[in-house]
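Colleague: I am new to this structure and would like to learn how to read it with care. Could we go through it together, feature by feature?

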Amino acid sequence: MSIPTMAKHAVLSAGTKAWGSLACTRSELRLDLTLGCGQTFRWRETGDGHWTGVMGGRVWTLTQTDDTLWYHVYNKQDSQKEADGRKRKACASLQGHDKSEKRFKGTLKEEDEPVVVSVEQDTKEEEMLRDYFQLNVKLGELYREWGAADPHFKQIANIFTGVRMLRQDPTECLFSFICTSNNHISRIQGMVERLCQSLGTPLCQLDQTNYYDFPSLSALAGSSVEECLRDLGFGYRARFLQQSAKQVQDSHGPQWLQGLRSVPYILARDALRTLPGVGIKVADCVCLMSLDKTDAVPVDTHVWQIAKRDYKCAAGNGQKSLTDKVHRDIGDFFRQLWGPYAGWAHSVLFCADLKKFQKLKEMPSLKVEEEQVKEEKMVANKKAKIKTDRDVSVKKAKSKSSCRRKAKTSVKDEGLV
């Protein structure tokens, strides 16, 4: 019996047969900026320019060329899908990394070779992708509008193109952002990953990396969840996660979060703020990134600094802490400046302010220096050519003058004979 080969993350260079594609320029979407700017915590760069993550209960690898977005969707392990509402007692199975690995390997087959998908399935996957990245929104047009209204944005936009807001699943977005309180992106990613490992459904294994679906609302609401998550390092956030899930489940029902997409922004934000651990910033993040509220402007200390430093916004002057009033005032300032898609514009500036992307700001200056050197060489070459042409002209003039003198001398000599 042959041993199956280890399933690997897909790479476009191995051939495009197992990949789907759709037309999309980098100015409309840049994967590195959009997936790495802190609005989602489920994607990792698994190869050069290749991003792998979980979306819609499937594992995807995405990459792009100049005018095409490529996607590979891995086989779904249907035999391992648990019934809706069924919870796994994860803490018992997460007593050490080795046990976790054994549990996963014992319950899941390795990813098989890519299979040919039907046109219907391929169309459904493309629709999921278009919805997730909101590709119906013409980002280039918005950038031009924001740049016309805001010179500072125009300067930043020349470098940070293609920063697009995702349309995430509301449950995943809400409970991921409850983890963000007093936290940073890399640590949040680790917490969300542990949350999925402990309470989510296994999907597949690639290059020894296990992928899980995001936990269901009922799994998050379980009575043992708080203790489990505290053991996994969630601290006080463990209680907020469990209590918010239970409140949504018991008081509103599983479709409540999805239903907030159809109510006005302020009502949706205020409804979210009734949940434990959800302040105004987290509520605005969920509104913007999963509930279609394009004018929601999440304000944290970074955005507050941007408003003061780059826009001389006076909101909160003299205050040390970011109050709800300061949050609203800064949001109103940017909404007045950028219009109905202010939340999208804000994400471009937030992305540009992250330490991980500061090297991108150095690249234009290098290009300018290269252009200056090139221009200086061209000027020097022109000067050298002019000098050469002048020298040639002088030599020709001298040569002609010499010829004339010789001709006159010759005529005189002939007259004497």
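Modeller: Let us begin with confidence, since this is a predicted model, and over residues 78-90 the pLDDT stays under 50, although the model has 23 contacts for this stretch beyond four places in sequence. Residues 93-117 also have a pLDDT below 50, and here the model shows 47 contacts beyond near neighbours in sequence.

Colleague: How should I read stretches where pLDDT is low?

Modeller: The general idea is that predicted coordinates should not be read in detail where pLDDT is low. In this case that caution applies to the contacts of residues 78-90, where pLDDT stays under 50. For the protein taken as a whole, the mean pLDDT is 84, and 75% of the residues reach 70 or more.

Colleague: What does the secondary structure of the protein come to, and what share of its residues is buried?

Modeller: There are 18 helices and seven strands in the protein, and 47% of its 417 residues are buried. It also helps to ask how far along the chain the contacts reach: of those between residues at least 6 apart in sequence, 71% join residues at least 24 apart.

Colleague: Which residues have the most contacts inside the largest nonpolar core?

Modeller: That core has 81 residues, and the ones with the most contacts inside it are Phe 153, Phe 160, Phe 175, Leu 272, Ile 330 and Trp 338. The helix that gives the most to this core is α17, covering residues 342-353, with eight residues. A second core, separate from it, has 18 residues, among them Leu 29, Leu 35, Tyr 71 and Leu 135.

Colleague: If I take Phe 153 as an example, where does it lie, and is it buried or exposed?

Modeller: Phe 153 belongs to helix α6, which covers residues 151-157, and because its relative accessible area is 0%, under the 20% cut-off, it is classed as buried. Setting aside neighbours within four places in sequence, its contacts include Tyr 143, Trp 146, Tyr 311, Trp 338 and Leu 349. The pair with Trp 338 shows how sequence and space can be read side by side, for Phe 153 and Trp 338 are 185 residues apart in sequence and 9.8 Å apart in space, C-alpha to C-alpha. Phe 175 can be read in a similar way, and its contacts beyond four places in sequence include Phe 214, Leu 217, Leu 241 and Ala 245.

Colleague: Why can side chains of opposite charge pair, and how many salt bridges does the structure hold?

Modeller: Side chains of opposite charge can pair when their charged atoms come close. The structure holds 16 salt bridges. One of them joins Glu 125 to Arg 58, with 4.0 Å between the closest N and O atoms. This pair links distant parts of the chain, with Glu 125 in helix α4 (residues 119-133) and Arg 58 in strand β4 (residues 58-65), 67 residues apart, and both residues are buried.

Colleague: Which parts of the chain does the pair of Asp 353 and Arg 309 link?

Modeller: Asp 353 lies in helix α17 and Arg 309 in helix α15 (residues 301-311), so that the pair links distant parts of the chain, 44 residues apart, and their side chains meet at 3.1 Å, N to O. Asp 353 is partly exposed, with a relative accessible area of 23%, and Arg 309 is partly exposed at 43%.

A salt bridge can also lie within one helix, as with Lys 325 and Asp 329, both in helix α16 (residues 324-338) and four residues apart, about one turn of the helix. Their side chains meet at 2.7 Å, N to O; Lys 325 is exposed at 52% relative accessible area, whereas Asp 329 is partly exposed at 30%. Salt bridges can form a network too, and here one links Asp 131, Arg 167 and Asp 292.

Colleague: What is the order of the strands in the open sheet?

Modeller: The five strands have the order β1-β5-β4-β3-β2, and their pairing is antiparallel. The edge strands, β1 (20-23) and β2 (44-47), each pair on one side only. On average, neighbouring strands of this sheet are turned by 35 degrees against each other, direction ignored. At the β2 edge, three bridges join β2 to the antiparallel strand β3, residues 50-55, and Arg 44 stands opposite Thr 52 in β3.

How values were computed:
Residues numbered from 1 in each chain as written. Predicted model: local features only at pLDDT ≥ 70, side-chain atom pairs only at ≥ 80, totals over all residues. Heavy atoms only, no water. Helix = DSSP H or I, 4+ residues; strand = E, 2+ residues; numbered from the N terminus. Buried < 20%, exposed > 50% of the residue type's maximum accessible area, 1.4 Å probe, protein only. Contact = heavy atoms within 4.5 Å. Core = buried A, V, L, I, M, F, W, Y, C linked by side-chain atoms within 4.5 Å. Pairing = 2+ DSSP bridges. Axes fitted to C-alpha atoms, helices over the stretch in contact; angles between N-to-C directions. pLDDT = per-residue confidence, 0-100.
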